[in-house]
Amino acid sequence: AFEGPKLPEWPETMAGAMARYSESFQRLPSRFPRGNILVVSHGDAVAQFVSMTHKISKELVYQVPYCAVASANLRQKQGATGLPEWIEGDTTLSEDILILQD
């Protein structure tokens with residue numbers, strides 16, 4: 001039986017998809033606290049990851065072409081859980097991902 005998060009209802013709204021992507025990206029560090037994490041996805045999910053790790057609006061992530069790459073680093077969170085979290089702004093983007101200035 002599938003034990004992961006509930007699958008989305010179709011058709012899914014863009015807002016619903018963005019919320020689902022964010023929840024998934026937030027869960028990854030606690031599920032895989034050691035080593036590297038590789039996510040292969042489509043442009044909207046990559047744009048949401050860039051938006052989340054840069055703390056900017058997704059609307060500012062203007063272009064994510066085919067084969068674009070975004071990578072981010074994790075750090076140990078201070079506090080009760082001690083789980084790793086994404087480091088804000090510590091993201092490497094391939095040159096072809098365009099971010100608009102706000």
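## A residue to start from

Which helix is Arg27 found in? Arg27 sits in helix α1. This is a predicted model, so let us begin with what it says about this one residue and then widen the view. Is Arg27 buried, exposed or partly exposed? Its relative accessible area is 32%, and because buried means under 20% and exposed over 50%, Arg27 counts as partly exposed.

Arg27 also gives a first look at how the chain folds back on itself. Arg27 and Glu85 are 58 residues apart in sequence, yet their C-alpha atoms lie 9.2 Å apart in space.

## Overall layout

The protein has two helices and four strands. Read from the N terminus, the order is α-α-β-β-β-β. Of its 102 residues, 25% are buried. The exposed surface comes to about 7,500 Å², with 54% of it supplied by carbon and sulfur atoms.

Among contacts with a separation of 6 or more, 53% link residues that are 24 or more positions apart.

## Nonpolar cores

In soluble globular proteins, nonpolar side chains tend to be buried together. Here, the largest nonpolar core holds 10 residues: Ala17, Met18, Tyr21, Phe25, Leu28, Ala45, Phe49, Met52, Ala72 and Trp86. Helices α1 and α2 each supply at least two of them, and α1 gives the largest share, with five residues. There is also a second, separate core of six residues, including Val46, Val61, Ala68 and Ile97.

Leu28, one of the residues of the largest core, is a handy place to zoom in. Leaving aside residues up to four places away in sequence, Leu28 touches Ile37, Val39 and Trp86. Trp86 belongs to the largest core as well.

## The largest pocket

Rolling a probe the size of a water molecule over the atoms shows where empty space is left. How much space lies in the largest pocket? The volume is about 670 Å³. The pocket is lined by 26 residues, and the closest to its centre are Leu38, Val39, Val69, Ala70 and Ser71. Val39 is also one of the residues that Leu28 touches.

Three elements give two or more residues to this lining: α1 (14–31), α2 (43–54) and β2 (70–76). Strand β2 gives the most, with five residues. What is the chemical make-up of the lining? If you are thinking about electrostatics, note that there are no charged residues in it; the lining divides into 19 nonpolar and seven polar residues.

Notes
Residues numbered from 1 in each chain as written. Predicted model: local features only at pLDDT ≥ 70, side-chain atom pairs only at ≥ 80, totals over all residues. Heavy atoms only, no water. Buried < 20%, exposed > 50% of the residue type's maximum accessible area, 1.4 Å probe, protein only. Contact = heavy atoms within 4.5 Å. Areas by Shrake-Rupley, 256 points an atom, 1.4 Å probe, with all protein chains shown as cover. 1 Å grid on protein atoms, 1.4 Å probe; cavity = no way out; pocket = protein on both sides within 12 Å on 5 of 7 lines; lining within 4 Å. Points joined across faces, edges and corners; volume = space filled by probe spheres on them. Nonpolar A, V, L, I, M, F, W, Y, C, P; charged D, E, K, R; others polar. Core = buried A, V, L, I, M, F, W, Y, C linked by side-chain atoms within 4.5 Å.
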